[in-house]
Every structure is written in structure tokens, then in C-alpha cells.
Amino acid sequence: AEQIRKFSGRVAAVDSSDLSFQVGGQVESVEVDIGDQVEKGQVLAVLDPEPYQLEVDAVKAELVKAKDNVTQKKSQYDRHKRIYEQGAGAKSYLDVSESNYKAARSAVDFQIARLDLAKRNLRKTKLLSPYDGTIALRSVQPHEEVLVGQKVFEIDATGKMEVQLAVPETSIDRIHIDDAVTITFPTVPGESAKGRISYIGSSAVQANAFPVKVE
């Protein structure tokens, strides 16, 4: 005998993400709102870039100084090396000048790394959409101060949808992966969709019910 079991569920995008800035600061503008369709790479919100631009400019100046220092230290090293090879200089002077030259080159590498990081932070003042989708949640306003990692948007990807269920433990042992499912919608009477069970949780969550997904 066939038994039909009915469960309530929620339709959701298969891919959904919480979005946050990777740098902190004051929000300069918010370009989208709840329900807006967005494309991959589209700007969603922008932080005030001035502090990060100033950091880029400062590091660039430090890099110029570091490169000038390398030129100076290399000149000193070459001079001591030439004198030593002519037999008129001490090995200790050559060793010191060589060490100073290497340290100067390391300082340039350090400033280059700082500049890459500063430029990266400047780029991150723009929050971009990771994929085509719909803005499901917006929790940020212009002129608001936001922290690193603070959730400002939730986006649902365009494409596959799934139904998320909570199945009681009394019924979970009768449900299997790939079982056929008919999905109906209270807001669309007479319409239905076919699906299959794609996921069954291994442990119960709230109210001793197991999470189940229908593709």
C-alpha cells in the first residue's frame, strides 16, 4: 500500500551567501536594495576610499626611499669590493657593506609587499557581487560605519532552487535519497513541481527533526 506523507518546507536558492567587506570603514554609497537582480562583478556598496588611498600613497613614498637606499648601498658595496680586490681594503669592511646592501634590498621587497597589501585594501572598499543573483537581505545604510566581516547583504544565486524540510524522527527512516517528491505551493493553487530528495541530515536538529533537501 502506498502512503503519502506531507511536510511543509521553504524554497531557497541552492547557492546563497552572506556578503561582508574585507576592510572596515564608513559606507559611502549603497547601490542595490532587497529584491534587486544583480550580475557577477556588479558593485553593491562602496566604502570611503580616502584612508586607503592615503595609505597607498604613503607606501609608494617609502618604496621610493627604499630604492634610493639600495642604490646608495650598492655603490658602497661595489667600492669596498673593488678596493678589497686591489688588496687595499679589509675583508670586514667588505662584509659589512655587503650585509647593508642585502638589508636594503630586503627593505625594498618589504615595501613592495606593503604596497600590494595597501592596493588590495583599496580595491576591497568596493563590495562586488560574487555571482548573478538576487539581493535577499540588506542591512547597511550610507554613512554607517562597518567592521570587517560584518554582514551587509545576503544574495541568492540565480539558477537551481531547492526545498528545505524538517522531517520528524518518526518518519526519517522511511525517506531515502532519490525518492520522488511532488511540491505544491499554497500561493499558486493547482500548480506543482517534481523533485527528488537530494540530502538527508545525519542528526536531528530542532524538535528532533532531521534536515532534508529536495532538489
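Two strands count as paired here if DSSP finds at least two bridges between them. Keep that in mind for this predicted model, since we'll start with its sheets.

**Two open sheets**

One open sheet has 4 strands in the order β6-β5-β3-β8, and the pairing is antiparallel. At its edges sit β6 and β8 (145-146), each of which pairs on one side only. In general, the strands of a sheet are held in pairs by backbone hydrogen bonds, in either a parallel or an antiparallel way.

Let's follow strand β5 (residues 43-47) through this sheet. On one side, β5 pairs with strand β3 (residues 25-30) in the antiparallel sense, over 3 bridges. If you want a spot to look at, find V27, whose bridge partner in β5 is L47. β5 is also joined to strand β6 (residues 126-128), again by 3 bridges and again antiparallel. Here V43 is the residue to pick, with L128 as its bridge partner in β6.

So how much of strand β5 is buried? The count is 4 of its 5 residues, so β5 is largely enclosed by the rest of the structure.

There's another open sheet of 4 strands, running in the order β2-β9-β7-β4 with antiparallel pairing. Its edge strands are β2 (16-20) and β4, each pairing on one side only. Strand β7 (residues 133-138) meets strand β9 (residues 151-157) in an antiparallel pairing over 5 bridges. Strand β4 (residues 37-38) runs antiparallel to β7 as well, with 2 bridges joining them.

T134 is a handy landmark in this sheet. Its bridge partner in β9 is D156, while Q37 stands opposite T134 in β7. V38, for its part, stands opposite G133 in β7.

Here are the strand pairings at a glance:

| Strand | Partner strand | Bridges |
|---|---|---|
| β3 (residues 25-30) | β5 | 3 bridges, antiparallel |
| β5 | β6 (residues 126-128) | 3 bridges, antiparallel |
| β4 (residues 37-38) | β7 (residues 133-138) | 2 bridges, antiparallel |
| β7 | β9 (residues 151-157) | 5 bridges, antiparallel |

**A buried lysine**

Now hop over to helix α1 (residues 50-85), where you'll find K73. Which side chain of opposite charge is nearest to K73? That would be D68, but D68 is 13 Å away, and K73 is buried with no salt bridge. What K73 does touch, once residues up to four places away in sequence are set aside, is N100, Y101 and A104.

**A209 and its company**

Next up is A209, which belongs to strand β13 (residues 209-214). Is A209 buried or exposed? With a relative accessible area of 7%, A209 is buried, because the cut-off for that label is under 20%. P168 is 41 residues from A209 along the chain, yet the C-alpha atoms of the two are separated by 4.2 Å. P168 is also one of the contacts of A209, along with A166, V167 and A204, leaving aside neighbours within four places in sequence.

**Out on the surface**

Finally, a look at the outside. V11, M161, F185 and V188 make a nonpolar surface patch of about 310 Å². One of them, F185, sits in the loop between β11 (180-184) and β12 (192-200). F185 has a relative accessible area of 31%, so it counts as partly exposed.

Key. Residues are numbered from 1 along each chain as its sequence is written. This is a predicted model: local features need pLDDT of at least 70, side-chain atom pairs count only at pLDDT 80 or more; totals for chains, interfaces and linings use all residues. Side-chain values use heavy atoms; hydrogens and water are left out. Buried means under 20% relative accessible area, exposed over 50%, partly exposed in between (1.4 Å probe, protein chains only). Lys and Arg count as positive and Asp and Glu as negative; His and the chain ends are not counted. A salt bridge is a side-chain nitrogen of Lys or Arg within 4 Å of a carboxyl oxygen of Asp or Glu. Contact means heavy atoms within 4.5 Å. Patches are made of residues with over 30% relative accessible area and no salt bridge: like charges are joined within 9 Å, nonpolar side chains (Val, Leu, Ile, Met, Phe, Trp, Tyr) within 5 Å. Accessible areas come from the Shrake-Rupley method with a 1.4 Å probe; for residues, only the protein chains shown count as cover.
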